[in-house]
Amino acid sequence: MRILSADDVRRAVTMPAAIDAVASAFVQLSTGRATVPLRAHLQQRTHESHTFVMPALLEESSGLGLKVVSVFPHNAARHNLPVIHALVVVLNAATGQPAAVLDGSYLTALRTGAASGAATRALARPDARVLAIIGAGVQAYHQVEAVCAVRPIERVIIVNRSRERAERLAAMLRERAIAPHIDIAASSAEALTQADVVCCATSSPTPVFDDASLRPGVHINGIGSFTPQMVEVPPETVGRAYVVVDQQTAAWAEAGDLQHARGLGLLDESQTVELGAVIAGIVPTRTSDDQITFFKSVGNAVQDIAVAQLALREAERLSLGIDVDL
């Protein structure tokens, strides 16, 4: 069995390759060639934390495995630790033999960014040039990286409650030359009146922008909220957008953005489609330049297994990681 660290995964998988792997996984999910039970969810009220166990089988690409991920929001302040910890286990789909254990914290950020990249490639206007990122936490960098990989982004505008964290993200983006211009906005309204693509990467219980601030034709990726109590996108936006989800069952069970809009009579299950169906051409992509599109993801294990498979394959080619006998 091979053990891969976060650095091994980083060296093995580029963002464009991760986007292609995740797009393929979503197509398998939406065409009945993947099996993904609803994830088991353990909540510790004392720590306001969430721990998830997420298995998946990708039949077409012979991917089998699971992820265990924990989200402890107070880790940074109380223990000087990351908020998200995760491990991914890859099994041989023919024998069930454990093939690899991968650090899942970096992989989670990578595959979440890759999902937004796949959605942006499928739904955003081809001429999108300005990206607004709301939230400057662990997911933010890879959201920006992914969108910039699939659209000719010339300017990134950061919105975050903490100016210090926004400046850290801006410095990282400038250092790695992700986009020609990196700015920090004083408010979401200032950013969104200019944005062609918006990525929301927060755990907010209330919407992080006003519907009236959106430009016609904007594409929105909502990846931060993953429980019914979290709502990043205004219900008015959800109600008037073309809503695309990672998986219907999981999104409607867990996404507060969708549930809140449904409670107000603005959206129902019949009005949402899956990203894999869009990519496969089973349902339409955007129908006009003025249409607002919204990709809502709560995270799906097919993303983890697809990227872990890719990482393992490349790690073996590049002689990365450590082999251990069981």
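1. Helices here are DSSP runs (H or I) of at least four residues, and strands are E runs of at least two, both numbered from the N terminus. The model is predicted, so local features need pLDDT of at least 70, and side-chain atom pairs count only at pLDDT 80 or more.

2. Start with a local ion pair. Arg317 and Glu314 form a salt bridge, with N and O 2.7 Å apart. Both sit in helix 12 (residues 301–318), three residues apart, which puts about one helical turn between them. An α-helix has 3.6 residues a turn, so residues three or four places apart point the same way. The two ends of this pair differ in exposure. Arg317 is at 57% relative accessibility and therefore counts as exposed. Glu314 is at 18% and counts as buried, because the limit for buried is under 20%.

3. Salt bridges also form a network. Arg125, Asp127, Asp196 and Arg215 are joined into one network by salt bridges that share partners. Across the model, the count of salt bridges is 18.

4. Which parts of the chain does the pair Asp20 and Arg121 link? The closest N and O atoms of this salt bridge are 3.0 Å apart. Asp20 belongs to helix 2 (residues 15–30) and Arg121 to helix 4 (residues 104–123), and the pair links distant parts of the chain, 101 residues apart. Asp20 has 44% relative accessibility and counts as partly exposed. Arg121 is partly exposed too, at 37%. Side chains of opposite charge can pair when their charged atoms come close.

5. Are the two partners Lys296 and Asp257 buried or exposed? Their side chains meet in a salt bridge at 3.3 Å, N to O. Lys296 is in strand 15 (residues 293–296) and Asp257 is in helix 10 (residues 256–263), so this pair ties together parts 39 residues apart in sequence. Lys296 is buried, and Asp257 is buried as well.

6. Disulfides next. The count is zero. Cys199 is in none; its nearest cysteine sulfur belongs to Cys200 and is 7.7 Å away. Why does Cys200 form no bond with Cys199? The closest cysteine sulfur to that of Cys200 is in Cys199, and 7.7 Å is too far for a bond, because a disulfide needs the sulfurs within 2.5 Å. Cys199 is at 0% relative accessibility, so it counts as buried. Cys200 is buried too, with a relative accessible area of 0%.

7. Those cysteines belong to strand 11 (residues 197–200), which is covered on both faces. Val197 and Cys199 are buried on one side; Val198 and Cys200 are buried on the other. In a regular strand the side chains alternate between the two faces of the sheet.

8. Which strands pair with strand 11? Strand 8 (residues 130–134) pairs with strand 11 in the parallel sense, over four bridges. Strand 12 (residues 219–222) also runs parallel to strand 11, and four bridges join them. Cys199 has a partner on each of these strands. Ile133 has Cys199 as its bridge partner in strand 11. In strand 12, the bridge partner of Cys199 is Asn221.

9. How many residues of helix 5 (residues 140–150) are buried? Nine of its 11 residues are, so the helix is mostly covered. Among the buried residues of helix 5 are Tyr141, His142, Gln143 and Cys148. Others are Ala140, Val144, Ala146, Val147 and Val150.

10. One cavity of 30 Å³ or more turns up in a search of the whole structure. The largest cavity has a volume of about 80 Å³. Its lining has 13 residues. Val36, Pro37, Arg39, Gly299 and Asn300 lie nearest the centre. Strand 4 (49–58) and helix 9 (248–254) each supply at least two lining residues. By class, the lining of the largest cavity has eight nonpolar, three polar and two charged residues.

11. A last point concerns a loop residue. Glu59 lies in the loop between strand 4 and strand 5 (63–71). Its relative accessible area is 44%, so Glu59 is partly exposed. Glu59 and Ala280 are 221 residues apart in sequence, and their C-alpha atoms are 17 Å apart in space.

Note on methods
Residues are numbered from 1 along each chain as its sequence is written. Side-chain values use heavy atoms; hydrogens and water are left out. Buried means under 20% relative accessible area, exposed over 50%, partly exposed in between (1.4 Å probe, protein chains only). A salt bridge is a side-chain nitrogen of Lys or Arg within 4 Å of a carboxyl oxygen of Asp or Glu. On a 1 Å grid over the protein atoms alone, a cavity is a set of points where a 1.4 Å probe fits but cannot get out, and a pocket is an open set with protein on both sides within 12 Å along at least five of seven lines; lining residues have an atom within 4 Å of a point. Grid points are joined across faces, edges and corners, and a volume is the space filled by probe spheres set on the points. Ala, Val, Leu, Ile, Met, Phe, Trp, Tyr, Cys and Pro count as nonpolar, Asp, Glu, Lys and Arg as charged, and the others, Gly among them, as polar. Two strands pair if DSSP finds at least two bridges between them.
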